[in-house]
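Subject: Structure handover

Hello,

Here is the structure I promised to pass on. Please open it first, then read my notes below.

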Amino acid sequence: MKKISYILYVLALATSCQNFSKSTNSQRNIASEEYQAQIKADKKRQAELDLPFRGFSEDKNLQVIAFSSGINSEPPEPLWTTIEKNNPELMLVCSTPTPLKSLSKTSEYRAIREKVPFMATWYNYNTSKKFETKADFIKNWPYAKNMITANQDGFYHSKFFGTKKNLIHIIMSDLSDTRSQEAQWAWLENELKQPAAIKVLACGPEQREKLLALIKKTKAKNLILIPNNQPVQNFEKTEIKDFGPIYEATANTADFSPVRSVSSAETPLNFGLIKINWNERVAQLEIRSVDNQKMQSLDLKF
């Protein structure tokens, strides 16, 4: 009898241990699933902070440059898909008023960031100090880390693309920043003197006459101005007396803006393209709609 009781006791103990083991393994599996889910969520949040970035091909003779005089920082932003269809080799964003936390979650924007290198400038109409720091700009646009010097006020910078006879000089100014006025004007004068087949200057509407005088002084030929944060679509050819023409191209991807003076119905979503034919030595400036329809165009012979 004692032997039978002992056997039953052993069997009960084994069953209990087996059930405990199953329960423990089940808890471990649940804990593991929760842990993996947490890792996945953390990676997603980090991915939203660390936007993809396509590096520059500096020696490439660019043929298609896309540009915007403004940017919508709130999704949805359908225009990025249309811009991407034109296969730009560089995207110029000439006004980024705030950190792009909402936009960074937009799949269309993230997709083009993975394929196309961006250059940007910062239009400082937002008076909040947290939007005006160099660190904040570089966090949004990490490529600028090695272009903006440590002792520099403001976010102005530039870059050359292409081979010797086909150089394109991209100049991203920030003339609205009063902290860097004197130093930036000296820097800009030096930049405009640098030889290039085509120059593209992102600039604000401030001190236009001073800018035109500087262009004449430096003899900066084949210059395309992209005024930032302007709520209109427009091409303009301006003749500077005793010098020659400069070209202004304004396109605005934003369907709203704190300084926008007209409704989105009057100024539909649009973006700009610079298409360069190096054999013909012609740059065609285009403004296109969200449906990729050509709205305006202008040829620049260089």
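This is a predicted model. I start with one charged pair. K217 and E189 form a salt bridge, with their closest N and O atoms 3.1 Å apart. K217 sits in helix 6 (residues 208–218) and E189 in helix 5 (residues 181–193), so the salt bridge ties together parts that are 28 residues apart in sequence. K217 has a relative accessible area of 55%. That is over 50%, so K217 counts as exposed.

**The two helices**

The same two elements deserve a look as a pair. How do helix 5 and helix 6 cross? Their axes come within 9 Å, at an angle of roughly 40°. That makes helix 5 oblique to helix 6. The crossing is right-handed. On the helix 5 side, the contact is made by W185, L188, E189, L192 and K193. Helix 6 brings K210, L211, L214, I215, K217 and T218. So both partners of the salt bridge, E189 and K217, are on the list of contact residues.

**After helix 6**

Next comes the loop between helix 6 and strand 7 (223–227), where K219 is found. K219 has a phi near 55°, a positive value in a residue other than glycine. K219 is exposed, at 62% relative accessibility. N222 lies in that loop too. Its phi is near 50°, again positive in a residue other than glycine. N222 is partly exposed, with a relative accessible area of 22%.

**Other salt bridges**

How many salt bridges does the structure hold? There are nine. Side chains of opposite charge can pair when their charged atoms come close.

One of the nine joins the side chains of E58 and K159, at 2.8 Å from N to O. E58 is in the loop between helix 1 (2–49) and strand 1 (64–68), while K159 is in strand 4 (residues 157–161), so this pair ties together parts 101 residues apart in sequence. Are the two partners buried or exposed? E58 is partly exposed, at 41% relative accessibility. K159 is buried, with a relative accessible area of 13%.

K275 and E286 form another salt bridge, and their closest N and O atoms are 3.5 Å apart. This pair links distant parts of the chain: K275 in strand 10 (residues 270–277) and E286 in strand 11 (residues 282–289), eleven residues apart. K275 is partly exposed, with a relative accessible area of 27%. E286 has a relative accessible area of 1%. That is under 20%, so E286 counts as buried. Which residues join K275 and E286 in a network of salt bridges? R288 and K294 do.

**A polar contact**

One more pair is worth finding on screen. The side chain of E248 makes a polar contact with the side chain of R208, at 2.8 Å. E248 belongs to strand 9 (residues 244–250). E248 is buried, at 9% relative accessibility. R208 falls in the residue range of helix 6.

**Where to look first**

Begin with K217 and E189, the salt bridge between helix 6 and helix 5. Then move to E58 and K159. Finish with the network of K275, E286, R288 and K294.

Best wishes

Terms used: Residues numbered from 1 in each chain as written. Predicted model: local features only at pLDDT ≥ 70, side-chain atom pairs only at ≥ 80, totals over all residues. Heavy atoms only, no water. Salt bridge = Lys/Arg side-chain N within 4 Å of Asp/Glu carboxyl O. Helix = DSSP H or I, 4+ residues; strand = E, 2+ residues; numbered from the N terminus. Buried < 20%, exposed > 50% of the residue type's maximum accessible area, 1.4 Å probe, protein only. Polar contact = N/O pair within 3.5 Å; in protein donor to acceptor, adjacent residues only side chain to side chain. Axes fitted to C-alpha atoms, helices over the stretch in contact; angles between N-to-C directions. Parallel < 35°, antiparallel > 145°, perpendicular 65-115°, else oblique. Left-handed = near helix turned anticlockwise from the far one by under 90°. Contact = heavy atoms within 4.5 Å.
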